[in-house]
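This report walks through a two-chain structure, beginning with one strand and ending with the place where the chains meet. Please keep the sequence and the model at hand while reading.

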Amino acid sequence: MLPSTLEDYLEAILTVTGDGGRPAGPQEIAAAIGTGETAARATIASLVEEGYLERMADETVRLTGKGLEVASRVARKHRVLQCFLTEMLGVDADAASKEACTLEHGISDETIERLSSYMDGGAQPPPGRAGRCRGREACTLLDCKEGDTVRVAMIRGPRRNRRLLDLGVFPGEVVQIRRKLPNQSVVVRVKGCDIAISPEIATSIVVESCP
Amino acid sequence: MRFALVGNPSVGKSLIFNQLTGLGVEVSNYPGTTVELQRGNTCFQREMIELVDLPGVYSLDGESDEEVLVRRFLEQQDTDAVIAVVNVTRLERNLYLLLQVAEYGLPMVVVLNMADEAAKQGIEIDPGPIRDLLGVEVILTAASQGKNIDRIIPAALAATRPSKVEVPYDHHIEAAVRSLGKISSADRKESIRALQGFGDNPDLLEAARTIADEIESRHRMTVTQIIAANRHNFAHQIAGLTVREKALHHETDPDSILTRIFPGIPILLGILVGMLLVVFIVGSFLEEVIVGLFNVFAIQPFLALGLPPLAEALGTSVLLALQAGLGIAFPYVFLFYVIISVLEDSGYMTRAAFLADNAMHRVGMHGGAVIPLTLAFGCNVPAIMSVRLLHSRRERIIASFLVTMVPCSARTVIIAGIVAGFVGIGAAFSVYAIVFALILVTGLVLSRVTPGEQFGMIMEMVPLRRPDARLVMKKAWSRLSEFLFIAMPLLLAGSVVLGLLEFFGFMAIFEQLVEPYTMALLGLPGYSATALVFGILRKEMAFETLAILAGTADLGAVLSSLQLYIFAVVTVLFVPCLATITVLLREVGSRITLAVTLYTVALGLLIGGLMYRILA
């Protein structure tokens, strides 16, 4: 296993280059890591030596196949951890990102897999970019069509919108989407009553078994 | 003896209250809130019974003004019995509140209302399970037909025991209740409330917090969510026992046309325009009649008396204020509230709010604001009185600014009489365009700077039903009397002050003082400033005063087109009328009223000044 600094470098290069296809310059990498350019150059040199990076014509470097694999794995750990911290534990997004940066190096691949399937019930997360919570494309009320019947899985920010709870929209309850306007306002039927919900609130209601 | 009516919104609570009390209902604001509380008396076997109609709520644990009020009211425990009204067609959701009320431990009676509706929908109700589980009297009623309403008061008088019901909570919650009971000898109700962070015992709250955090770390739900889910599930069980047989009934769903973009939006626009036309045509017709009658039968005879000048000036101011007030009260306030009550009681208001929600959000309000904003075209006074329909203070503040800027029918008279009459039709429309643009900009800015949280919409679409005519009239009448008793004295005082100022020659001095400024700033002669000031009393008076001061009704002969145009723009924007100011004071307080007034004055002068610079 690589030291955590080196993993951070690979992850950063993957992030700044989007998918690792484009070469990245030392200044760019140093800025993404938050370190000096001299230090960055030294680390990059050792990564090239180990075969994780390859040097291009100018000063820029690109991830090799091996480097890409390590970078993607670390990035995925970051994503899953950050997702877990923000969505499940309610940690603030910035703090969660920092925390994830530390945890990602110590956690085993298996634990990450289990954590990921714990959060989304087994579905494989589609590949996304590092640093943002895209590990699990959760379905919200806004993703449903008129006429769909879905089960509420979770409500983001459960301490807000107490009225949802009082009207019967809580995890486990089955609701039917009665109306969805083009402007994303929705009406759901719950407990025999129609409830109108504005888009910014509907987007915080995560639901299961919608197409 | 005092009984309180509790229930969800639109369960027929007001109708029952009305049937039980009849006349002599006192509407008061609960101290420190804008929430209204209705109190009335009824006599049973020579005993005086006070009935309180609490506002409709969905829960006793929420943070809205209404929920806080009902909670505080029940906590005071000075109610002899609670009459919990339940809509049987929406039994399960209604039982959720009923269980919370039962936990308060007050003697109670359960009224299962709308039995007739339920029968129509093929729902068969057995009150037995609720009676057994809660251990209280249960009455099946149909308020719209007055059925069994007479049994409520005797049952409430007989109710002495609180409900014995205990909601079966999750075992972690039950364990928490037991340990909280041991730690600080709190009872079940107090512990449940403490776990949700309510209560005033700091030690208990502290202990409850620790336990709640512990429970939250085990479940993936907050304690509040768990408790609510337990209550809902228990309500579901009870509803299953109570509702016997539910024949599937396919009836036409009016919402399939009312809440779609098409034809929902055209219907909404049609209703808004229709209301406006009614207020406009019927309202201005009635106003003209009242103002005309007042002129012929009060002002002219009074002037013919030939009283000493001071008395005459005072008397005229009083009469002018009465004329202005009555000219608004009957035609606009009353008519407006008849329309609003019909929209509200029929349930259409929630459909309108749903359709307009997104558009209204841009200017910082929720969909319901579309009604006051539209009706403000008729008259700003009742529109301001209805901003209390909006839920947060933030929305009420934004709405007060925007409503006062909407050109009401009186300002339309000015635009039509001065601009369309002497300048041109195109120019008249441009005045509207300017005002609408300013309203939009003001809304966009206010939605960013007004303090307070923007609440998204979570609103029950109440079932559509035929409004009760007597209830509608009663509501409209109570608004009318509110206007007459609260706004009229202020209107009278303001008018007398203006009259005295003029009598002692302050107006003339004022004219000379401001003349250089009005000339430099707006290019208007000094007497137009006097006309503007009189416009505060009644907006049309700006037009009338201008004609009197100019000495001719042919204003085009004495003032240029540009001067007339600027005068009209300034009058339309400048200061809401005195009646609007008085209701603003009541609805949003003196600070916001002052802000609205200063803002509109500044805006009027600024826009007028800009036009003079650009167009001259």
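## A covered strand and its surroundings

In this predicted model, strand E1 of chain B (residues 2-7) is mostly covered, with five of its six residues counted as buried. E1(B) pairs in the parallel sense with strand E4 of chain B (residues 47-53) over four bridges, and E1(B) also pairs in the parallel sense with strand E5 of chain B (residues 81-87), here over five bridges. B:Phe3 appears in both pairings, standing opposite B:Leu51 in E4(B) and opposite B:Ala81 in E5(B).

B:Phe3 is also among the contacts of B:Ile83. Leaving aside neighbours within four places in sequence, B:Ile83 is in contact with B:Phe3, B:Ala4, B:Leu5, B:Val109, B:Val111, B:Ile152 and B:Ala156. In the largest nonpolar core, which holds 205 residues, B:Ile83 and B:Val110 touch the most other members. Helix H13 of chain B (residues 309-346) gives the most to this core, with 14 residues. A second core, separate from this one, has 19 residues, including A:Tyr9, A:Ile13, A:Ala71 and A:Val74. In soluble globular proteins, nonpolar side chains tend to be buried together.

Chain B is divided into domain 1 (2-158), domain 2 (171-218) and domain 3 (254-616), and the C-alpha centres of domain 2 and domain 3 of chain B lie 53 Å apart. Chain A has 211 residues, of which 41% count as buried, and contains eight helices and seven strands. Among contacts in chain A between residues at least 6 apart in sequence, 52% join residues at least 24 apart.

## Where the chains meet

At the interface, 25 residues of chain B are in contact with 29 residues of chain A. Helix H3 (91-103), helix H10 (223-242), helix H14 (348-362) and strand E10 (458-461) of chain B each supply at least two residues of the side of chain B that touches chain A, and H10(B) gives the most, with five residues. By class, this side of chain B has ten nonpolar, nine polar and six charged residues.

The two chains also share a sheet. Six strands form an open sheet in the order E7(A)-E3(A)-E4(A)-E5(A)-E6(A)-E10(B), with antiparallel pairing. Strand E7 of chain A (205-208) and E10 of chain B stand at the edges, each with a single partner strand, so one side of each is left without a neighbour in the sheet. The twist averages 45° from one strand to the next. H14(B) packs on the sheet, where this helix touches strand E5 (186-190) and E6 of chain A together with E10 of chain B, and the direction of H14(B) makes about 140° with that of E10(B).

The table sets out two strand pairings of this sheet.

| Strand | Partner | Sense | Bridges |
|---|---|---|---|
| E6(A), residues 193-197 | E10(B) | antiparallel | four bridges |
| E3(A), residues 149-155 | E7(A) | antiparallel | four bridges |

Which residue stands opposite A:Ile197 in E10(B)? The residue facing A:Ile197 is B:Ile458, while in the pairing with E7(A), A:Ile155 stands opposite A:Ile205.

How values were computed:
Residues are numbered from 1 along each chain as its sequence is written. Chains are lettered from A and ligands numbered from 1 in the order in which they are written. This is a predicted model: local features need pLDDT of at least 70, side-chain atom pairs count only at pLDDT 80 or more; totals for chains, interfaces and linings use all residues. Two residues are in contact if their C-beta atoms, placed from the backbone, lie within 7 Å. Ala, Val, Leu, Ile, Met, Phe, Trp, Tyr, Cys and Pro count as nonpolar, Asp, Glu, Lys and Arg as charged, and the others, Gly among them, as polar. Two strands pair if DSSP finds at least two bridges between them. Axes are lines fitted to C-alpha atoms, for helices over the stretch in contact, and angles run from 0 to 180 degrees between N-to-C directions. A nonpolar core is a set of buried Ala, Val, Leu, Ile, Met, Phe, Trp, Tyr and Cys residues joined through C-beta atoms within 7 Å. A residue is buried if 20 or more other C-beta atoms lie within 10 Å of its own, exposed if 12 or fewer, and partly exposed in between; C-beta atoms are placed from the backbone. Domain bounds come from an automatic or database domain assignment.
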